[in-house]
Amino acid sequence: MPVRIEADKNLTTAYLSGEIDHHSCVFIRDEIDATINRLAPLELCLDFMHVSFMDSSGIGLVMGRYKLMHSLGGRLRVRGVSPSTMKVMKLAGLDLLAKIDCKGEKR
Amino acid sequence: MKAVNEMKLTIESRSVNESFARVAVSAFVAGLDPTVEELSDIKTAVSEAVTNCIVHAYQNTMGRIYIWVGIFEDSTVKIRIRDRGCGIANIEQAMTPLFTSQPQERAGLGFAVMQSFCDKISVRSTAGKGTTVTLMKKIESRQRC
């Protein structure tokens, strides 16, 4: 399973794992959006701790979830990001949209 | 300049093969003893190019993607990714960061990632015939002996 979701009205956390690319993105997106649309939580946290690879498809995933949370008046947080994934995220300026915690940082 | 080692790979344009393509290329390049970052850069750039073939060139119809990788004397890696898909009418526009013909979920950053993660990239395309993307990256970590 590339995503496991823990959710309540305040916080929904999506634990992503494995490789995030165009192939795996569709499933992850649908799983997360189903929960968000049902619960409209105040905060969505995307946990990248167990993500081993991400290409620009992951940027679309994060940006799309940012827009969805924004439209519901909620916040997006991203955590557990590895240096290589951070490099892709910074290229897209995602660090300007959401709070991003890297791997090993206290939270 | 002639490659000191080369490989060819042909895959069908199924999205499940994106992972296989980038892992196969990185496994071939691993012989040069690259750093973790160099290898990750190559995987990411290959993933972008192959995804473009699947999403744009063949637009989710079945076609073949031809990958050639050459390793040169000076530890430069050249990766050529070719398709026989629809081609790119306006290459400059396609390479502009954030431009995408499929704005729903694609970020429009595929070429920006390839440019930023490789030393050099070239794109040749003919409308209706296909596209060839060539990525070049020098592996700095190891002195050949």
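Reader: Over the ring of which residue does the charged end of Lys87(A) sit?

Author: This is a predicted model, in which local features need pLDDT of at least 70, side-chain atom pairs count only at pLDDT 80 or more, and totals for chains, interfaces and linings use all residues. Residues are numbered from 1 along each chain as its sequence is written, chains are lettered from A and ligands numbered from 1 in the order in which they are written, and side-chain values use heavy atoms, without hydrogens and water. The charged end of Lys87(A) (NZ of Lys or CZ of Arg within 6 Å of the ring centre and within 35 degrees of the ring normal) is 4.7 Å from the centre of the ring of Phe117(B).

Reader: Which residue lies over the face of Tyr66(B)?

Author: Here, both partners belong to chain B. At 4.6 Å from the ring centre of Tyr66(B) lies Arg82(B).

Reader: Which three residues supply 32% of the area that chain A buries against chain B?

Author: The contact (heavy atoms within 4.5 Å) takes 20 residues from chain A and 24 residues from chain B. Together the two chains bury about 1,800 Å² (accessible area, 1.4 Å probe, lost on being put together and summed over both), with 55% of it on carbon and sulfur atoms. More of chain A's share than from any other three residues, namely 32%, comes from His22(A), Lys87(A) and Leu91(A).

Reader: Which element of chain A gives the largest share of the side that touches chain B?

Author: Elements giving two or more residues to this side are helix H1 (22-39), strand S3 (43-54), helix H2 (56-71) and helix H3 (83-91) of chain A; helices (H or I, at least four residues) and strands (E, at least two) are DSSP runs, numbered from the N terminus. The largest share, seven residues, comes from H2(A).

Reader: With which residue does Arg22(B) form a salt bridge?

Author: The structure holds 13 salt bridges over all chains (a side-chain nitrogen of Lys or Arg within 4 Å of a carboxyl oxygen of Asp or Glu), and four are found across the interface of chain A and chain B. Arg22(B) and Glu19(A) form a salt bridge, their closest N and O atoms being 2.8 Å apart. The pair joins two chains because Arg22(B) lies in helix H1 (residues 17-29) of chain B, and strand S2 (residues 11-20) of chain A holds Glu19(A).
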